[in-house]
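Please open the model in your viewer and keep the sequence panel beside it, so that each selection can be followed in both places. The tour goes from one stop to the next, with a short account of what is found at each.

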Amino acid sequence: MKNPDEIIQFIEYAAQGGRVSVLANAVSEKNRQEAKALEPVLENLFLASQIDAPGDLKAKIKEQFIVNARGWSKGRSRSVVLFPRLSYARKSIAVLAALFILSMGTAMASTSAMPDSVLYPLKRAIESVSKTVAGQQGRALQVLAFNERRIAEIKYLQQTGDPQGIGQLVKEINLNIKELRKLMRGLGPEQAKKVKSKLDKFESGHASLLKPERPEANKGSGNTADTKNVGKPSQKPAGGTATVNKKPAVKPKEAKAVTPKKDKPNAGANSIMKKPAIAKPKSPAVIKNNNTGKPQNINK
Amino acid sequence: MHHDLSEIVDKAKKGDLMALSQLYEAHFSSIYRYAYAKVGNKHDAEDVTSNTFLKMLDNIQNFEWQNVPFKAWLIRIAHNLAIDTFRRNAKENIGETQESANDIEQKVLDKMIFEDTISFLDKLNENHKQVLLLRFFAGLSCKEAAFFMKTSEENIRIMQYRALKTLRSQIEKP
């Protein structure tokens, strides 16, 4: 049985709820009776609300709580609390936005990075990724754009004096042009024409940069892009286009010797084959006349 | 006291283990009683109580002292967890209560009073029952209960009075 004084105190506490307090300090008889009538209810509520947890439960839950609190406290102390008034979701969005802007800024800054810059590897990485995701025509145009960047880098290295770096870049440009020609084969006629015109403009605009300085450089070849020999001693005879360097100079002649079959009459000055002088069989009348010693017109 | 509590809460937000422990000790009984009255069985009340304090850790950073009573904020967490548990185990509650009534470790009389009171409270409308649970089991003041139920203090007093009258009539029914 609970202490009656506690019950009374509880009723007084409940009585602080306004109307009941008025009833507790009732002036009229009716109000006093109402307050009295509610006492058993309040007593029941008091007794019911005093239900306690089992003795060990509080300690058991506290132990678990403290373990979690320690972990939470450690994690909290390591992190820097930025903008404490912002909710977690807003903070996350703000951090993500900041990271995005930072990465975009860095990527944009890297596009003009030179070979000796710390951002140069990032620039090259971005180029390789963009080539991978682009379609065929897009890739071709990108290769052209990257070649322009390589030219800018070559000019930079010329000022800083790095012949080895220049050689590598020139080699890369050549490989890019090779790749470009392969890509052009897979394009439509309009697209290929557009890419070709840009390529021709590129090659003619930077012929001096890309042209090798050695005398065994391409002469008489239609393509000035044979720059494989730049910076390196040539071990192959120069000649022909960059794409056909492997073929010896003799072959074109042999090829031409095989082709003419039908157009015999007008072989032209380049024709090697000459019609053999075939002696026609002479008629008996002609033979007889031959004894006069006069030259006979055999080829009729 | 409010000044002391606000200092403790501020320290707890910064990760002070002593402050967190003090908050636990100060509010454990209220949370447990409210949870028990709400879900009706000891097992779920234990889970709700434990989870309430864990959720307190997760969310205390977001708690702001802007006329928001800390106790009411904590009871709100317990209330939401209790609602989820009650919905999940609605059909099992009655059975568990009957089983726990046979528990010889419990004070049978107190237990019966508790169960009887809860069963009478269940017959009240939701708002009346909620007011009585907040005022008598969770131990909230009228101001704190008003914040919890998003109403005025005057309304809380009126609802409490009407709830007590209805409860009395329920108890006196033959």
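Begin by selecting residues 120–133 of chain A, which form helix α6; at 1.5 Å a residue its 14 residues should span 20 Å, and the end C-alpha atoms are indeed 20 Å apart, so expectation and model agree. Bear in mind, here and at every later stop, that this is a predicted model.

Staying with α6(A), colour Tyr120(A), Lys123(A), Glu127(A), Ser130(A) and Lys131(A), which are the buried residues of this helix. If you then look down the axis of α6(A), these buried residues fall within an arc of 100 degrees, and they therefore line one face of the helix. Turn to the other side of α6(A) and you will find Pro121(A), Val129(A), Thr132(A) and Val133(A), which are exposed.

**Chain A as a whole**

Now widen the selection to the whole of chain A, where there are 12 helices and 0 strands. Buried residues make up 26% of the 300 residues in this chain. Among the contacts in chain A with a separation of 6 or more, 43% are accounted for by residues 24 or more positions apart.

**From chain A to chain B**

Next select Val41(A), which is found in helix α3 of chain A, a helix that covers residues 29–49. Is Val41(A) buried or exposed? Its relative accessibility is 2%, and because buried means under 20%, Val41(A) counts as buried. Show the surroundings of Val41(A) and, not counting residues up to four places away in sequence, you will see that Val41(A) touches Leu164(B), Leu167(B), Arg168(B) and Ile171(B).

These partners lead into chain B, so select that chain as a whole: it has 9 helices and 0 strands. Of its 174 residues, 51% count as buried. Where chain B has contacts with a separation of 6 or more, residues 24 or more positions apart account for 62% of them.

**Helix packing in chain B**

Select helix α3 of chain B, residues 42–59, together with α4(B), and look for the place where their axes come within 9 Å and cross at roughly 130 degrees. That angle makes α3(B) oblique to α4(B), and α3(B) passes α4(B) in a right-handed crossing. To see the side chains involved, show the residues of α3(B) that meet α4(B), including Val48(B), Phe53(B) and Met56(B), and then their counterparts in α4(B), among them Trp73(B), Leu74(B) and Leu81(B).

Keep α4(B), residues 70–88, in the selection and add helix α8 of chain B, residues 142–149; these two pack at an angle of about 45 degrees, with their axes 9 Å apart. The helices α4(B) and α8(B) are therefore oblique to each other, and α4(B) passes α8(B) in a right-handed crossing. On the α4(B) side the contact is made by Lys71(B), Ala72(B), Ile75(B), Arg76(B) and His79(B), while α8(B) contributes Glu144(B), Phe147(B) and Phe148(B).

Now hide α4(B), keep α8(B) and bring in α9(B): the two helices pack at an angle of about 100 degrees, with their axes 8 Å apart. They are therefore roughly perpendicular to each other. Here Cys142(B), Lys143(B), Ala145(B), Ala146(B) and Met149(B) in α8(B) meet Glu153(B), Ile156(B), Arg157(B) and Met159(B) in α9(B).

**The loop, and the last helix stop**

Between these two helices of chain B runs a loop, and in that loop you can select Lys150(B). Its phi is near 55 degrees, a positive value in a residue other than glycine. Which relative accessibility does Lys150(B) have? The value is 75%, and because exposed means over 50%, Lys150(B) counts as exposed.

Finally, move along to Gln170(B), which lies in helix α9 of chain B, residues 153–172. With a relative accessible area of 15%, Gln170(B) is buried. Which residues is Gln170(B) in contact with, leaving aside its neighbours within four places in sequence? Display Phe120(B) and Lys123(B), since these are the residues that Gln170(B) contacts once those neighbours are left out.

Terms used
Residues are numbered from 1 along each chain as its sequence is written. Chains are lettered from A and ligands numbered from 1 in the order in which they are written. This is a predicted model: local features need pLDDT of at least 70, side-chain atom pairs count only at pLDDT 80 or more; totals for chains, interfaces and linings use all residues. Side-chain values use heavy atoms; hydrogens and water are left out. Helices (H or I, at least four residues) and strands (E, at least two) are DSSP runs, numbered from the N terminus. The expected span of a helix is 1.5 Å times one less than its number of residues. Buried means under 20% relative accessible area, exposed over 50%, partly exposed in between (1.4 Å probe, protein chains only). The arc is that of the directions from the helix axis to the C-beta atoms. Contact means heavy atoms within 4.5 Å. Axes are lines fitted to C-alpha atoms, for helices over the stretch in contact, and angles run from 0 to 180 degrees between N-to-C directions. Angles under 35 degrees count as roughly parallel, over 145 as roughly antiparallel, 65 to 115 as roughly perpendicular and the rest as oblique. A crossing is left-handed if the near helix is turned anticlockwise from the far one by less than a right angle, and right-handed if clockwise.
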